[in-house]
Amino acid sequence: AASLEPGPEPTVHTQEAFAPEGNFTAKWTRADARQIKRMSDPRAVSRQSSMPAEYTMPSVPQDFPDMSNEQVWVWDSWPLTDANANQYSVNGQEIIFSLVADRNLGFDDRHVYAKIGYFYRPAGIPAEQRPANGGWTYGGLVFDEGVTGQIFEDQSFSHQTQWSGSARIFPGGEIKLFFTDVAFYRDAAGKDIKPYDPKIALSVGKVHANKNGVKFTGFDKVIPLLSADGTYYQTGEQNPYFNFRDPFTFEDPAHPGETFMVFEGNSAMPRESAACTAEDLGYREGDPYAETVEQVNASGATYQIGNIGLAKAKNADLTEWEFLPPILSANCVTDQTERPQIYMKDGKYYLFTISHRGTYAAGLDGPEGVYGFVGDGIRSDYQPMNQGSGLVLGNPTNLNFNGGFPFAPDYNQPFGHFQSYSHYVMPGGLVQSFIDTIGTEGNFRRGGTLAPTVKIDIEGASSAVDYSYGSYGGGLGGWADIPANLNVNPGGQV
Ligand code: FRU
Ligand code: FRU
Ligand code: FRU
Ligand code: FRU
């Protein structure tokens, strides 16, 4: 375990499970998140990582290959999965979905133009025998123009975009694509005329794969599933900058026959009157490093109130859903708990989510990366992994220096400070992510393609990077390597 600088003790969390329908929301507290700074080496000098190696993604080289052969920008990506997050190939083809955008756009302008595209490649080839860029073929966009805009009550949107989600495969090659359907209402200067409108949505299609490639039919209709309710999940009226997106569905072996969804939300408080509580801070009785509720609420930390939502399907077609209370809140900790997923191992439930350095609340800090929480059920008193901090796999980062921005990285940071984001934990502890910026002030390259896959070993409430993984050395596996662990009709006969 990493040695710790002086600081508060983490909150005690029992991992105890509660009914999914219950109203217990686990808290990732300020006391927990402050363990990240306690693990950071205050003596680390300019361009050195200050973070423990076991929780730090190996450095990604700047001369990365591009998986789309420069056809599109690529970021958040997800495989074709079943109810237990197994990853499938179909008739000999591995298939992934990615957010993509036109390369004529600046990479940071991508969010309001994002569309879901897909890639495929032959299954069953070891990463080291594939082309360096992962060997994917870009298949194009999933939706025809106009399809995803139809669900919005107000058709006067200026930008209509498709954000992240997840894809489930069912018998007969049916695919249920869960995603975030988003409308922006902006004026010519790019200013919001009214808050944007993100809806969790479903479209159903069918996959056709053979040795020549992959095509989809269907995906010509979108079913809106959930809009933020203002009771559990913050709305645009409560905060125009609210977050509500990134559905991931799964079944829970403890509750057979039900389908659940986790997604990113914010705690449903109005932006200007949001307040955090002693429980959100989570300090132990008499901790000399504790902050007071008054101090924290006066610090601006109340603008960062991320949560992870839970919903339950009301029908077998998964076209009707109901909200349940959030399973995790990060009030006065961070504003973004993105792309949450449930991962099961040895009877434990792991909740993983990605978060940015720049979305931490006042007084807290931590790297860009994936954070993890472990409990005995999908709703439980989740314990933040790794010495109570939550940090699982961060970019090489020096917390003694500012971070800058992906478009203007700070001179004093390691090359990897913004190297990758949108990490997704796959079967066997493999982790994929996309490249954002590699380098530092005066010498950096933007990404827009998938990073090398890395591996973490997960053991109880701990994890560690497996530096022996991968053929590129130092823990780096294949670029854009998202392998299937199960194959539907592997012989490839349709
Ligand atoms: C109730 C329940 C509880 C258990 C939890 C596990 O539905 O079975 O008894 O603690 O769900 O998910
Ligand atoms: C920062 C970010 C993303 C989010 C988008 C919203 O890049 O906050 O995390 O998807 O901007 O516009
Ligand atoms: C993560 C993310 C997601 C969102 C998408 C928008 O990188 O911010 O939360 O769906 O990017 O581009
Ligand atoms: C920092 C932040 C977020 C807020 C957004 C817009 O990322 O303050 O908390 O949603 O910027 O102000």
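Let's begin with ligand 2, which takes up the space of the largest pocket. The structure you are looking at is a predicted model, and this pocket is a good place to start exploring it.

The largest pocket has a volume of about 1200 Å³. Its lining is made up of 47 residues, and those nearest the centre are H111, Q336, E338, H356 and T359. If you follow the strands, you will find that several give two or more residues to this lining, among them β3 (72-81), β8 (159-170), β9 (174-186) and β10 (192-210). Others that do so include β13 (245-251), β17 (338-345) and β23 (404-405). What kinds of residues form the lining? They divide into 19 nonpolar, twelve polar and 16 charged.

Now zoom in on the ligand itself. The residues around ligand 2 are H111, W163, R245, Q336, E338 and H356. This shell divides into one nonpolar, three polar and two charged residues.

Which side chains place a polar atom by an oxygen atom of ligand 2? Try Q336 to begin with: a polar atom of its side chain lies 2.9 Å from a ligand oxygen. For H111, a polar side-chain atom is 3.3 Å from an oxygen atom of ligand 2. H356 also takes part, with an N or O atom of its side chain 3.3 Å from an oxygen atom of the ligand. As for how much of the ligand is covered, on its own ligand 2 has 310 Å² of accessible area, and the protein covers 60% of that.

Looking back, H111, Q336 and H356 are worth finding on your screen: they lie nearest the centre of the largest pocket, along with E338 and T359, and they are also among the residues around ligand 2.

Key
Residues numbered from 1 in each chain as written. Chains lettered and ligands numbered in written order. Predicted model: local features only at pLDDT ≥ 70, side-chain atom pairs only at ≥ 80, totals over all residues. Heavy atoms only, no water. 1 Å grid on protein atoms, 1.4 Å probe; cavity = no way out; pocket = protein on both sides within 12 Å on 5 of 7 lines; lining within 4 Å. Points joined across faces, edges and corners; volume = space filled by probe spheres on them. Helix = DSSP H or I, 4+ residues; strand = E, 2+ residues; numbered from the N terminus. Nonpolar A, V, L, I, M, F, W, Y, C, P; charged D, E, K, R; others polar. Near = heavy atom within 4 Å. Polar contact = N/O pair within 3.5 Å; in protein donor to acceptor, adjacent residues only side chain to side chain. Areas by Shrake-Rupley, 256 points an atom, 1.4 Å probe, with all protein chains shown as cover. Sits in = over half its atoms within 2 Å of the grid points.
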